[in-house]
Amino acid sequence: MKLPFIFFLLFLSVVPFQAQTVDVMDADGWLESAYVKWAPVEGADSYNVYLSGEGLVDQKLDDPLIRSYGTYFRADAVGLKAGTYIFKVAAVVDGVEGAVAESTELTVEAHDRSGFAFVNGRVPGACQADGTPKSEAVILYITEHTKNTVSLDVTGANANPCVGLQEILDGFKKGYDNRPLIVRLIGQITDLTYMLGGDIVIENKNNANGFITLEGIGDDAVADGWGIRIKNASNIEVRNLATMNCNSNEGDNIGLQQNNDHIWIHHNDFFYGAAGGDADQDKGDGALDAKKSTNATFSFNHFWDSGKSNLLGNGGEEVGNFTYHHNWYDHSDSRHPRVRQHTVHVYNNYFDGISKYGIGNTTAGSVFAEGNYFRNCKYPMLISNQGSDVYGSNTNTFSGDPGGMIKAYNNHIVGEARFVDQKAFPNDFDAYVVANKSDQVPSDVTTVSGGHAYNNFDTDAAMYAYSAQSPEDARNTVMQYAGRMFGGDFQWSFNNAVDDAASSVNTALKAALVNYQTELVAVQGEGSGDGGSDPGDGDPGDGGDGGGEVNPGDVIHNFTLSGLNSTFYSISGNLSDSKGAVVYDGLTLTQCLKIESATSIQFSIDKAATITLVFNTGYSGKIKLNGTDHNIADGILEIHLEEGDHEITKNTTANLYYMSLAYDSTVGMDDRGTTPKVLVYPNPVSSILSLSSVEDVQKVEVYSLSGILFKSLNSGFDQIDMSDLSAGTYLVLIHTRQAIVKQMVVKK
């Protein structure tokens, strides 16, 4: 749980200034990655983090890998060989590195690179088989702050530099740039200004010499509201990322659209998308679908109550080879996978409370189901138009297409509604079960519908090398390693008694996903509030992507940066980035909340304040506050509020870009008595901030909204020079004998 910001500031105030040695709180190794956490050091401008082990000697980590979470800092090292490592962490104060603290020795494990994605000697993605980046790899860091401004010169691009993630990926689309590309996603990233139909699209014209990896950093990388579409691409890897609330035109969290080969999608968390237009899309469309593609491995992914997990094939003459292994189908409903025509190896997956069916095969597909663990999966395996698919009252449980053959070996099935093999029903079975892995399915054993035989790919000499576990061991491995690093930052416990059989939307889970908010506070190197850069070096007010970034949950809300996410305001409605741009207080605002009939903004204040609402420049109209109409003039409305609950709703259609709430007087941080009267002005300020107080002031401090101390004054309290700070919002703390008083100040 994220600690209140005030608590964080009080925590800072009790840390002795002279304690410059970092206190390492936690460290551990994962799959080709590792992390270290430490407590904040008072007065630290930044931190240096080094890694040693497996040939690395004090390798310094890049700044974006170092992040603040308020009460602690964290750094992640990625692209590591399997082996043992040690972190070293040092605080930097006034440009001087302090004493180095070491972590314990960590063990890093290797990824499982098995499956069809790796045939013909390919290693998908921009890392080598040992996990380290390939030669001449280009590494990009994408955060909520840099997603639209990151730039790169790309060979063959229409114009350089390419600016923004999608424009960079567009540059690789023609397949002329052979440099391996690693895109590292940090924190919760909402819709980008430029995407394609609500998706980030990866293409490289099937460049056999091109390699792209999209990877999340740490345990909290989230693609929130957008999908990932892969098309006309070769050698692509997507890993360690959560996808949620996807609202793209294609509708899939991650989708292989067409003409793809050697694709590896692994260790991702798949959550609900936005409801689609069809009756079976209440949980979104496909979680991880694939069409017109081949040689792909989908492994160690965690599907959280997905409605339609893995569609494979879209009819026509398409054929391809796919591997699904060590995935956790966690109370998902169907399509694990649902196959048309393809050759598919489904092994060592955990089917955990499946309300409809597990594996479904149609249209001449050949599926080898091996070593899977099925717990309360209603129909573990189905062949269309035969067996349990048409048993009793069932009428084509999952498909009316002709059948595809399933060979099954060494699967553990418990709690199923029905599963029958050829021994019980020689001509009408769910799967052909063999006693030995090497046993073939006779060619005269064919599906009831279509007369299709199994192609026995798994006993062919060209079959790839892999090591299958027992179903029980596979279940344990899946529960330990599926999804993001150490299970990710979003945790949810299903109620098996209810959720095993339920296929409707879990409303509590849905609400938690819609309201999800990262606990990431700042990324080192991103200007004020970064936990380590010179405030004059940052770019929070550059206007390129809605500068002046503040954290959702503060009394300032910037829809360009924070979308609907806030812990102060409760916001419901629809966003738009096509209503024009608004320049306000040095910020360029490009995304707005559409004020419509269903729009609502609710909040509560414990004392009188004034709220400022920013609309399109020149706009005149009305908006309701607590049911009363208020006139908007030239795009701005200021309303004085009394303490209590408040709600903003529609009068006329409008576009709201920005909100700020300023209390009439300062708010005390000490509740033992009456708050002293302190005034700071002007606000907003360009250079000199003046201070007036009827109480004796003992100290004044200026913090970023993420808790980084920029100024501390022990004398000369009447004027504070703010000219050297970047544009943005700051917190001024005035220490008196009675209390600590805070005031939000906007620097222009």
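These legends accompany several close-up views of a predicted model of one protein chain.

**Figure 1. The whole chain, before we zoom in.** Let us start with an overview of the predicted model. The protein chain has 748 residues, and 59% of them count as buried. Its secondary structure consists of six helices and 61 strands. Among the contacts with a separation of 6 or more, 67% are made by residues 24 or more positions apart. The accessible surface of the chain comes to about 28,000 Å², and carbon and sulfur atoms contribute 46% of that area.

**Figure 2. The second largest pocket and the residues around it.** How much space lies in this pocket? About 760 Å³ lies in the second largest pocket. Its lining is made by 28 residues, and G225, N245, N247, L564 and L575 are the ones that lie nearest its centre. Four elements give two or more residues to this lining: the helices α5 (507-514) and α6 (559-562), and the strands β41 (570-572) and β42 (574-576). Which element gives the most to the lining? It is β41, with three residues. Sorted by class, the lining has 17 polar residues, seven nonpolar ones and four charged ones. At least three lining residues come from domain 2 (135-288 + 494-515), and at least three from domain 3 (554-663).

**Figure 3. The second largest cavity, seen from within.** Here we turn from a pocket to a cavity. The structure holds eight cavities of 30 Å³ or more, and about 140 Å³ of space lies in the second largest of them. This second largest cavity is lined by 14 residues, with W30, L31, S33, G216 and N240 lying nearest its centre. The elements giving two or more residues to the lining are β6 (73-78) and β17. By class, the lining divides into six polar, four nonpolar and four charged residues. Where does the second largest cavity lie with respect to the domains? Domain 1 (23-108) and domain 2 (135-288 + 494-515) both give residues to its lining, so the cavity lies between them.

**Figure 4. Helix α2 under its cover of strands.** Helix α2 spans residues 165-172, and six of its eight residues are buried, so "mostly covered" is a fair description. The buried ones are L165, Q166, I168, L169, G171 and F172. Which elements cover these buried residues? The cover includes the strands β11 (138-142), β12 (151-152), β13 (162-163), β14 (181-185), β16 (199-202) and β17 (212-216). It helps to keep the geometry of a helix in mind while looking at this view. An α-helix has 3.6 residues a turn, so residues three or four places apart point the same way.

**Figure 5. Two cis peptide bonds, each leading into a proline.** Most peptide bonds are trans. This view picks out two that are cis. One joins N160 and P161, with omega at about -5°. P161 lies in the loop between β12 and β13. The other cis bond runs from H336 to P337, and its omega is near 0°. P337 is likewise found in a loop, here between β30 (328-330) and β31 (338-340).

**Figure 6. Two residues with a positive phi, E32 and K205.** Most residues other than glycine have a negative phi. E32 is not a glycine, yet its phi is positive, at about 55°. This residue sits in the loop between β1 (24-29) and β2 (33-38). K205 is also a residue other than glycine with a positive phi, near 55°. The place of K205 is the loop between β16 and β17. Is each of the two buried or exposed? E32 counts as buried because its relative accessibility is 2%, whereas K205 counts as exposed because its relative accessibility is 58%.

**Figure 7. N394 and the residues it touches.** N394 is found in the loop between β35 (373-383) and β36 (405-409). Why does N394 count as buried? Its relative accessibility is 18%, and buried means under 20%, so N394 falls on the buried side of the cut-off. Leaving out residues up to four places away in sequence, N394 touches Y379, S388 and D389.

Notes. Residues numbered from 1 in each chain as written. Predicted model: local features only at pLDDT ≥ 70, side-chain atom pairs only at ≥ 80, totals over all residues. Heavy atoms only, no water. Buried < 20%, exposed > 50% of the residue type's maximum accessible area, 1.4 Å probe, protein only. Contact = heavy atoms within 4.5 Å. Areas by Shrake-Rupley, 256 points an atom, 1.4 Å probe, with all protein chains shown as cover. 1 Å grid on protein atoms, 1.4 Å probe; cavity = no way out; pocket = protein on both sides within 12 Å on 5 of 7 lines; lining within 4 Å. Points joined across faces, edges and corners; volume = space filled by probe spheres on them. Nonpolar A, V, L, I, M, F, W, Y, C, P; charged D, E, K, R; others polar. Domains from an automatic or database assignment.
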